[in-house]
Amino acid sequence: MQQLPKSFVLLGDFNSRNISWGCSHTDKRGKMVDEFLDEKYLFLLNKYKPTRHNISNGTFSAIDLFITNSNFATLFEWHVLTVYNSNDH
């Protein structure tokens, strides 16, 4: 965190599940990410929409996260595209 600039955005496949961002359950990594967000006063801009489609079993999850600090929190909107093409995210 100390190496990040004053304003920043973190985007990515965190491969963590938590009901607080739209998953059906919370796993260990999801708890860790949630605690990190609270501890560092960060904002998760996800809006309870799934970001990954598991083609093999037809399930959806929200493991791709959009995180920022208070400097950027009001400048972005979170939207999920529903066309997956050849990617499952």
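Select M1 to begin: this residue is partly exposed, with a relative accessible area of 38%. Partly exposed here sits between buried, under 20% relative accessible area, and exposed, over 50% (1.4 Å probe, protein chains only). You're looking at a predicted model, where local features need pLDDT of at least 70, side-chain atom pairs count only at pLDDT 80 or more, and totals for chains, interfaces and linings use all residues. Residues are numbered from 1 along each chain as its sequence is written, and side-chain values use heavy atoms, leaving out hydrogens and water.

Still on M1, look along the chain: M1 lies in the segment before strand 1 (9-13). Strands are DSSP runs (E, at least two residues), helices are H or I runs of at least four, and both are numbered from the N terminus.

Now colour by secondary structure. You'll find 1 helix and 5 strands, and from the N terminus on they go β-α-β-β-β-β. The chain is as compact as a globular protein of its length, because its radius of gyration is 14 Å, close to the 12 Å that the globule rule gives for 89 residues. That radius is taken over C-alpha atoms, and the rule is 2.2 Å times the number of residues to the power 0.38.

Next, show just the C-alpha atoms: along the principal axes, they fill a box of roughly 40 × 25 × 20 Å.

Finally, bring back every atom and hunt for the interior: 30% of the 89 residues count as buried. Then try drawing contacts (heavy atoms within 4.5 Å). Among those with a separation of 6 or more, 58% come from residues 24 or more positions apart.
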